[in-house]
Amino acid sequence: MIIAFDFDGTLADTYSCIEEAFRRALEKRYRWLPGKALWAKLLTKIELQFERPTFGKHKKKSKPPFFLRTKFFETWFEERVKLTKPIDDSPELLRKLKEAGHTVISFSAEDFIDGMKVRRLKEMGIYDLFDEVIVFGRDLTIDEAFQLVREKYGDEIFIWVDDKPWRFIGHGDENTEYVWYYFPFTAKFVEKKREMLALIPHLHVIRDLWSIFDVIERVKQERSS
């Protein structure tokens, strides 16, 4: 099977450190600025607005506004990387999945800074654990990214693991199984609109990444019967 993982909020907790990363970036880039802690809180609130979901509308490519593609935000990402922590020992999970013979893919959205997602995967030491790293949003839509997988791996079962289930809506095919990893920060958006989950076929919900092995077994049984 092909097991595809999102990064932020799925393999790594990159959210709880957002404010501290802003504070550190301000210290490095704007040492003269007073009230850095307050500015960090304000910037965090603005950043979290970009995390809010748009259900069922991930169809296009997008380019972030120019003010997000600056040296300050590059520094912020660098500080965020230093503070990032793996979820559920995800590097070991990726190794075990590969040992079990599965194709393991990184399948996630690009960041504000070109190439930053790949840099973050490398900094966390998991880039080389993937058979394929596919980044959508800037040069590829989700559908185009998915088509790349199909062109290379055929119609093999594709298990897509993401903490943002709104990305699933309208994407994939009959051989796609959708796994919502329940990460508290992003789950709060889904809890407000749970009826949207009914639009996702073959949906599985897990609260521990290692439960993906249970999903794999369940899919094998269901697909063989």
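Which residues are linked in a network of salt bridges?

**View 1. A network of salt bridges in the predicted model.** In this predicted model, the network of salt bridges links E20, R23, R24, E27, K28, E79 and K82. Across the structure, the count of salt bridges comes to 28. Side chains of opposite charge can pair when their charged atoms come close.

**View 2. The salt bridge between E99 and K96 within helix α4.** Both residues belong to helix α4, which spans residues 90–99. They are 3 residues apart, about one turn of the helix. Their side chains meet in a salt bridge with an N to O distance of 3.8 Å. E99 has a relative accessible area of 60% and is therefore classed as exposed. K96 has a relative accessibility of 34%, so this residue counts as partly exposed.

**View 3. The salt bridge between D173 and R150, linking distant parts of the chain.** The side chains of D173 and R150 form a salt bridge at 2.8 Å, N to O. This pair links distant parts of the chain, the two residues being 23 residues apart. D173 is placed in the loop between β6 (158–162) and β7 (176–181), whereas R150 is part of helix α6 (residues 142–153). R150 is buried because its relative accessibility is 9%, under the 20% limit for that class. D173, with a relative accessible area of 22%, is partly exposed.

**View 4. The salt bridge between R194 and E191.** The closest N and O atoms of R194 and E191 are 3.1 Å apart, and the two residues form a salt bridge. R194 is partly exposed, at a relative accessible area of 40%. E191 is likewise partly exposed, with a relative accessible area of 34%.

**View 5. A nonpolar patch on the surface, formed by W39, L42, I46 and F50.** Together, these four residues have about 380 Å² of accessible area. Within the patch, I46 is located in helix α2, which covers residues 36–50. The relative accessible area of I46 is 42%, so this residue is partly exposed. Membership of a patch requires over 30% relative accessible area and no salt bridge; the value of 42% for I46 therefore satisfies the area criterion.

Definitions and conventions:
Residues are numbered from 1 along each chain as its sequence is written. This is a predicted model: local features need pLDDT of at least 70, side-chain atom pairs count only at pLDDT 80 or more; totals for chains, interfaces and linings use all residues. Side-chain values use heavy atoms; hydrogens and water are left out. Patches are made of residues with over 30% relative accessible area and no salt bridge: like charges are joined within 9 Å, nonpolar side chains (Val, Leu, Ile, Met, Phe, Trp, Tyr) within 5 Å. Accessible areas come from the Shrake-Rupley method with a 1.4 Å probe; for residues, only the protein chains shown count as cover. Helices (H or I, at least four residues) and strands (E, at least two) are DSSP runs, numbered from the N terminus. Buried means under 20% relative accessible area, exposed over 50%, partly exposed in between (1.4 Å probe, protein chains only).
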